[in-house]
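Open the model in your viewer and keep the selection box at hand. This tour goes stop by stop: what to select, then what is there.

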Amino acid sequence: PCLRALYAEATELVGIYGKRDQELMRLLSMEGDDASNKRLKKVSIVGFGGLGKTTLARAIYDKIKGDFDCRAFVPVGQNPDMKKVLRDILIDLGNPHSDLAMLDANQLIKKLQEFLENKRYLVIIDDIWDEKLWGGINFAFSNRNNLGSRLITTTRIVSVSNSCCSSADDSIYKMEPLSTDDSRRLFYKRIFPNDSGCPNEFEQVSKDILKKCGGVPLAIITIASALTSGQKMKPKHEWDILLQSLGSGLTEDNSLEEMRRILSFSYYNLPSHLKTCLLYLCIYPEDREINRDRLIWKWVAEGFVHHGNQGTSLFLLGLNYFNQLINRSMIQPIYDDIGQVHACRVHDMVLDLICNLSHEAKFVNVLDGTGNSMSSQSNVRRLSLQNKMEDHQAKPLTNIMSMSRVRSITIFPPAVSIMPALSRFEVLCVLDMSDCNLGESSSLQPNLKGVGHLIHLRYLGLSGTRISKLPAEIGTLQFLEVLDLGYNHELDELPSTLFKLRRLIYLNVSPYKVVRTLGVLQNMTSIEVLRGIFVSLNIIAQELGKLARLRELQIRFKDGSLDLYEGFVKSLCNLHQIESLIIDCNSEEASFELMDHLGECWVPPVHLREFVSYMPSQLSALRGWIKRDPSHLSNLSELILTSVKEVQQEDVEIIGGLLSLRRLRIWSTHQTQRLLVIRADGFRCMVDFYLNCRSATQIMFELGALPRAESVLFSLGLRVAKEDGNSGFDLGLQGNLLSLRRGVRIWMYSGGARVGEAKEATL
């Protein structure tokens with residue numbers, strides 16, 4: 001498939017020349033005579049299949065090849081022979097010796113080094129799939145002759161790109177999709193002759209088709225070809241048919257097979273376990289933002305994640321699978337506001353591919369109300385109910401297929417209306433009804449009492465379903481591993497039978513639900529994530545210490561005694577895998593006691609990445625942890641303290657030294673220190689900075705402070721600033737905060753300042 005891209009007219013792809021060309025030329029540093037431009041520079045072009053990496057590399061090659069003594073453009077592919085690749089480089093450079101076929105890899109590397117020793121060369125190695133292969137090839141270019149040579153690689157795999165660019169002089173060029181305007185120009189150029197423009201009746205369907213193409217040149221060109229017959233456009237109704245079928249995997253147009261074939265190279269290069277995980281994504285509708293953690297837990301429950309070493313968390317193994325799919329450009333990461341991946345999206349062209357493969361393998365059956373069906377209805381194993389057409393009067397599922405073999409069902413609103421009774425499922429392992437309205441006011445409420453019949457169930461997703469009661473027979477589901485009850489505000493209490501589930505790994509009952517029964521938590525010895533429990537008994541707090549695998553804990557305490565907090569802190573000392581700790585307390589006095597005990601008796605494990613306290617507290621606890629051993633907070637990326645008594649300059653400098661901290665949110669209630677300075681040498685990774693010290697304090701920033709901050713909020717005490725003689729309110733912001741994306745917000749507290757002074761501060 002690379003041949004077509006290799007010899008295509010680059011001018012056919014708008015967006016190749018222009019910004020892309022200029023950016024890549026900048027990374028190659030082709031202009032100037034300084035010493036840095038004389039060193040060998042490596043640039044790796046990385047991106048999704050079909051983005052035009054090969055075409056861009058060829059365009060750059062043709063543009064600059066005249067500036068070099070010798071040059072080579074060598075395609076590699078998925079199953080290369082190291083010796084053949086090295087021979088091809090030598091031959092393309094102009095060294096076609098007849099004895100090359102007789103040499104082994106080491107001899108070829110040596111010969112290549114000798115040939116390039118006193119030459120300025122340009123080498124492009126296209127379509128690398130393997131880091132080990134690159135490691136061998138790279139030996140040939142280890143002799144840096146400082147003659148201004150350039151080495152360019154292309155790959156679909158991020159880790160390969162990283163290995164190609166290991167020195168400070170090297171650069172990675174991340175290939176982005178075409179812009180909306182460039183996509184439209186490329187599409188129109190291919191389909192409307194003589195630049196005649198798009199007829200009005202085709203404008204909307206053209207826009208919808210281009211949205212599915214997602215800026216991928218290969219998809220745009222291929223689909224444009226499918227919409228023409230000879231030199232003529234196909235009728236509009238055929239455009240509509242193609243639009244409806246894109247993303248379903250059921251498109252029958254032969255011209256799209258080439259696009260699927262090229263994308264399928266990435267799929268078939270995956271190990272078997274990643275192929276299964278990727279195929280599973282076809283249960284989600286197109287353009288869906290797919291929550292990372294929820295997806296991984298479903299992989300676990302489906303049995304796609306296999307144990308490595310005994311005791312290894314299946315979720316963490318699944319997280320590795322997820323990251324590998326991102327690394328291989330098969331899914332698109334979605335970042336939260338501090339730059340951490342929390343979800344993913346599947347490009348419509350990849351969705352079309354995996355739906356097609358799923359259809360062939362009878363992996364998933366999708367019912368979306370459009371008449372499309374992904375597999376034989378008599379042999380359904382996994383079922384996705386989407387019902388895109390909300391007004392579609394769908395027949396009950398029991399009228400069109402048997403539920404006896406269904407192992408997994410995922411329901412998206414409003415498809416819950418065709419959900420059959422739970423008693424009809426015999427071997428169901430995964431049931432996800434998240435965000436479907438199952439409340440008492442809903443006429444669509446299925447009979448949750450039948451849930452006790454699902455003895456094989458491993459995953460039950462009821463988040464955001466508005467249920468008010470959980471049946472007691474939930475305790476009969478002895479294989480249940482994941483129970484998500486989050487965001488059900490109407491659910492007041494949990495049945496005691498729930499805590500008999502010894503295999504439960506994940507339990508989310510947030511917002512907080514009361515745990516009243518003694519001796520229940522100690523049964524849940526497999527639990528890793530426990531969110532939203534509300535406790536008031538010392539014995540229950542002590543039981544937490546027996547949950548040795550716990551990684552995430554969200555807990556709230558009722559008014560309690562000293563024994564309660566001592567018991568909790570003692571339990572916490574036994575939880576060595578804790579990564580996320582969120583704590584709250586209803587009593588202000590008790591909160592200070594609890595935080596004091598944490599500071600004195602608990603040493604955070606090195607895995608801790610998130611600490612959130614919604615309780616009134618002092619920073620002495622945090623200060624103590626850092627002073628005792630700062631390495632224990634080396635992975636802390638989020639710190640939220642909503643009611644701190646006072647923030648001192650020492651606290652700011654200590655917290656600023658936490659090297660992984662990306663989000664800081666602190667509210668101070670009783671501030672006495674008049675000035676806090678944010679130093680330039682602190683908070684080097686901070687993305688989201690929030691420090692509200694109310695009216696008693698002024699906050700100032702040194703030059704170079706918060707270099708990566710994208711969002712900043714802080715307080716300004718106007719009266720304090722005036723008393724300290726800072727009439728211009730120069731906070732040190734000028735020349736700072738160069739990474740801002742979401743702006744600066746300032747809480748201004750008058751603190752007795754006159755109206756004129758307050759107005760002056762806002763100008």
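## Whole chain

Start with a cartoon of everything: the chain's secondary structure comes to 24 helices and 28 strands. Keep in mind that this is a predicted model. Colour by burial next. Of the chain's 763 residues, 54% count as buried. Now look at contacts with a sequence separation of 6 or more: 64% of them join residues 24 or more positions apart.

## Stop 1: the largest nonpolar core

Select Phe568 and Phe611. Among the 107 residues of the largest nonpolar core, these two touch the most other members. Add helix α19, residues 562–572. It supplies the largest share of this core, five residues.

Now stay on Phe568 and show its surroundings. Beyond residues up to four places away in sequence, Phe568 touches Ala541, Leu544, Leu553, Ile555, Phe557, Ile583 and Leu594.

A second core is separate from this one and has 97 residues. To find it, select Ile124, Ala301, Phe412 and Val482, which are among its members.

## Stop 2: α15 against α16

Select residues 292–302 for α15 and 314–327 for α16. Two packed helices are described by the angle between their axes and the distance between the axes. Here the axes come within 9 Å and cross at roughly 115 degrees. What is the handedness of the α15 and α16 crossing? It is right-handed.

Show side chains at the contact.

- On α15, pick Arg292, Asp293, Leu295, Ile296, Trp297, Trp299 and Val300.
- On α16, pick the residues they meet: Leu314, Phe315, Gly318, Leu319, Tyr321, Phe322 and Leu325.

By type, the contact residues divide into 11 nonpolar, one polar and two charged.

## Stop 3: α16 alone

Hide α15 for a moment. The 14 residues of α16 reach 20 Å from first C-alpha to last, close to the 20 Å expected at 1.5 Å a residue. Is α16 mostly covered or mostly open? It is mostly covered, with 10 of its 14 residues buried. The buried ones are Leu314, Phe315, Leu317, Gly318, Leu319, Tyr321, Phe322, Leu325, Ile326 and Asn327.

Bring the surroundings back. The cover over these buried residues includes α8 (158–164), α14 (272–279), α15, β9 (332–335) and β10 (341–345).

## Stop 4: Cys344 in β10

Move to strand β10 and select Cys344. Cys344 counts as buried because its relative accessibility is 0%. Outside its neighbours within four places in sequence, Cys344 is in contact with Arg288, Glu289, Ile290, Leu295, Phe322, Ile331, Gln332, Pro333 and Ile334. Leu295 and Phe322 also appeared at the α15 and α16 contact. Measure to Asp287 next: Cys344 and Asp287 are 57 residues apart in sequence and 9.9 Å apart in space, C-alpha to C-alpha.

## Stop 5: Ser384 in β12

Select Ser384, which sits in strand β12, residues 382–385. Ser384 also counts as buried, because its relative accessibility is 0%. Leaving out neighbours within four places in sequence, its contacts are Ile283, Asn365, Val366, Leu367, Thr410 and Phe412. Phe412 is one of the residues of the second core. From Ser384 to Asn365, the C-alpha distance is 6.3 Å, across 19 residues in sequence.

## Last stop: α11

Finish on residues 217–226, helix α11. How many of the 10 residues of α11 are buried? Nine are, and the helix is mostly covered. Highlight Pro217, Leu218, Ala219, Ile220, Ile221, Thr222, Ile223, Ala224 and Ala226 to see the buried set.

Methods:
Residues are numbered from 1 along each chain as its sequence is written. This is a predicted model: local features need pLDDT of at least 70, side-chain atom pairs count only at pLDDT 80 or more; totals for chains, interfaces and linings use all residues. Side-chain values use heavy atoms; hydrogens and water are left out. A nonpolar core is a set of buried Ala, Val, Leu, Ile, Met, Phe, Trp, Tyr and Cys residues joined through side-chain atoms within 4.5 Å. Buried means under 20% relative accessible area, exposed over 50%, partly exposed in between (1.4 Å probe, protein chains only). Helices (H or I, at least four residues) and strands (E, at least two) are DSSP runs, numbered from the N terminus. Contact means heavy atoms within 4.5 Å. Axes are lines fitted to C-alpha atoms, for helices over the stretch in contact, and angles run from 0 to 180 degrees between N-to-C directions. A crossing is left-handed if the near helix is turned anticlockwise from the far one by less than a right angle, and right-handed if clockwise. Ala, Val, Leu, Ile, Met, Phe, Trp, Tyr, Cys and Pro count as nonpolar, Asp, Glu, Lys and Arg as charged, and the others, Gly among them, as polar. The expected span of a helix is 1.5 Å times one less than its number of residues.
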